[in-house]
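Let's take a friendly walk through the side-chain contacts of one protein model. Have the sequence and the 3D view at hand as you read.

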Amino acid sequence: MNQLPSIAWLVFSLSAITLVTGCREHESVQVYTINNEIPAELESNVRMLGAIVPEPNANWFFKIRGPEAAVDTVAAEIRQFVSDLQFENGEPILELPDSWQRVSVGSGPFAPYAKILILADDNQLDFTVTRLGRQADWDADMLANVNRWRGQMGMPPSEERWAGAEKLDPKNEGDDPQPLWVDLVGEEGASSGGMVPPMMGNAGGMPPMAPASDPPVAQAPENPHAGAPPADVAMPAPDSPLKYDVPEGWKDGRKGGMRLATLELGEGDEGLEITMIRAGGELRSNVGMWVGQVAGAAADEAMVDAAMETIEERKVAGQPATRLFMASPDEDGEAIDIAIVESETGLPLFVKMKGPAKLVTENKDVMTAVLDSIRLEDAEDSEGETRSEGDKEQMKAEAKEEAKEEAKEEVKEEVKEEVKEEVKEEVKEEVKEEVKEEVKEEVKEEVKEEVKEEVKEEVKEEVKEEVTAEVNEEAEVKE
């Protein structure tokens, strides 16, 4: 752009100002030097402590993150807590110190198993406990997960074994897998694990970052969706609005969080669920995770191979899709029927049916019908056209309902103590009535004995008079 007219106008303006002000002496210009260095006392690093504890059917992830000075004050206590942890029926027994407070984790599909608040150095820190299915390759699994944590701390990936993690018990010379300990320090402002663009080539085996509160991920190199974690631990992504037909006998379930849609059949252990989320991850790694979920143990290569042989290529909403089926060898176990629908603009769509193996098998045709009915409509187009106001209001309403559910869980804990006292009083009254009936029978027996004694005394007097009369009559006869 030609800037000469602007410069000419500027020169003219300055000349005019000079003419108006004349030769009046100008005030001297004051020059200030500003020190933009951050005082040492205000500098703060971020510290993350993490532990990974393998159990037969799952890996358990423990993590706390916050200002370094605050985490320093609880580091020894956190490590000791994890070291002393006991498991029962595959789940940790969380016996917390008095100063720790367990709070609601909310109702989101990727909420952690437990969330604990710890007050440290005037900071409230979140200590999270998360469960994830075991992967067959322990070293690769740990390399990916610890590198994910390193990414959250703004640190480059590591090629060391377990990405530099150490054994939780350094003296333990037993076979792997065994509990690991991670201690990372990064600069203030390091990534907290928000969504980032895909990294070319996924160098160093570093998995993509996921939200700090999300479950850990398992990632393999050379995957076609390197910018995203596996399906069951997906990170937030622009959700293309979905339209689909609800099968007869099914109903729409909860949406929100990562769930774009949920279809439900039945309830509880006898129910089925079809979920739709945006996610990513290398196909074989995801299959290994899903096989582990239905098998109830870490998936070996043969199990993954068997699941991969079920692959069916098809189209969903005009996009290429891959469908797989995997089931537990236990007849009472679970099964997964899942389709991964490719996307031209974002993360793939994962449509997953999960539930009792018998029901999943019986409803394969229902899954097919749902896939055939999916339409991707009203999504943001290439020219930036956005959703309608009606869609926005619907999303607000859905978010409101999700927030209500989270609030319910928090309120439950508060109300529980009040209800306990009320129930206690009601139970007292009920017990009183029961005790009355029991005591009544006992009292009857006691009263009965007392009446007997009184009757005896009365009878004695009557008999005494009769005996006296008889004795007198006998005496008269003798005379």
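This report looks at salt bridges, then at aromatic rings, and ends with a charge over a ring.

## Salt bridges

Please keep in mind that this is a predicted model. A search for charged pairs gives 22 salt bridges in the structure. Three of them are set out below, with the N to O distance for each pair.

| Acidic residue | Basic residue | N to O distance |
|---|---|---|
| E166 | R79 | 3.0 Å |
| D337 | R323 | 2.8 Å |
| E334 | K354 | 3.9 Å |

Let's begin with E166 and R79, whose closest N and O atoms are 3.0 Å apart. Because E166 belongs to strand β8 (residues 166-167) and R79 to helix α2 (residues 68-83), this salt bridge ties together parts that are 87 residues apart in sequence. E166 counts as partly exposed, with 38% relative accessibility. R79 is partly exposed too, at 23% relative accessibility.

Next come D337 and R323, whose side chains meet in a salt bridge at 2.8 Å, N to O. D337 sits in strand β16 (residues 334-341) and R323 in strand β15 (residues 319-327), so to speak two distant parts of the chain, 14 residues apart. Are these two partners buried or exposed? D337 counts as buried, at 1% relative accessibility, and R323 counts as buried as well, at 6%.

Strand β16 also supplies E334, which pairs with K354 of strand β17 (residues 349-356), so this contact ties together parts that are 20 residues apart in sequence. The side chains of E334 and K354 meet at 3.9 Å, N to O. E334 is partly exposed, with a relative accessible area of 34%, and K354 is partly exposed at 28% relative accessibility.

Some salt bridges share partners, and in this way R47, D72 and D183 are joined into one network.

## Aromatic rings

Now to the rings. How many aromatic pairs does a search of the whole structure find? The search finds eight.

One of them is formed by F62 and F127, a tilted pair with 6.4 Å from centre to centre and 35° between the planes. F62 lies in strand β2 (residues 58-67) and F127 in strand β7 (residues 123-132), so the pair ties together parts that are 65 residues apart in sequence. F62 is buried, with a relative accessible area of 1%, and F127 is buried with a relative accessible area of 1%. These two rings also have company: F62, F81, W100 and F127 form one aromatic cluster.

Another pair brings together W290 and F350. Why does this pair count as edge-to-face? The planes of the two rings stand at 65°, with the centres 6.0 Å apart, so the pair is edge-to-face, given that planes over 60 degrees apart fall in that class. W290 lies in helix α4 (residues 283-295) and F350 in strand β17, and the pair links these distant parts of the chain, 60 residues apart. Both W290 and F350 are buried. Strand β17 thus appears in two of the contacts described here, through K354 and through F350.

## A charge over a ring

One last stop is the contact between K364 and F325. K364 lies over the face of the F325 ring, at 4.1 Å from the ring centre.

Key
Residues numbered from 1 in each chain as written. Predicted model: local features only at pLDDT ≥ 70, side-chain atom pairs only at ≥ 80, totals over all residues. Heavy atoms only, no water. Salt bridge = Lys/Arg side-chain N within 4 Å of Asp/Glu carboxyl O. Helix = DSSP H or I, 4+ residues; strand = E, 2+ residues; numbered from the N terminus. Buried < 20%, exposed > 50% of the residue type's maximum accessible area, 1.4 Å probe, protein only. Phe/Tyr/Trp six-rings, centres within 6.5 Å; stacked < 30°, edge-to-face > 60°. Lys NZ or Arg CZ within 6 Å of the ring centre and 35° of its normal.
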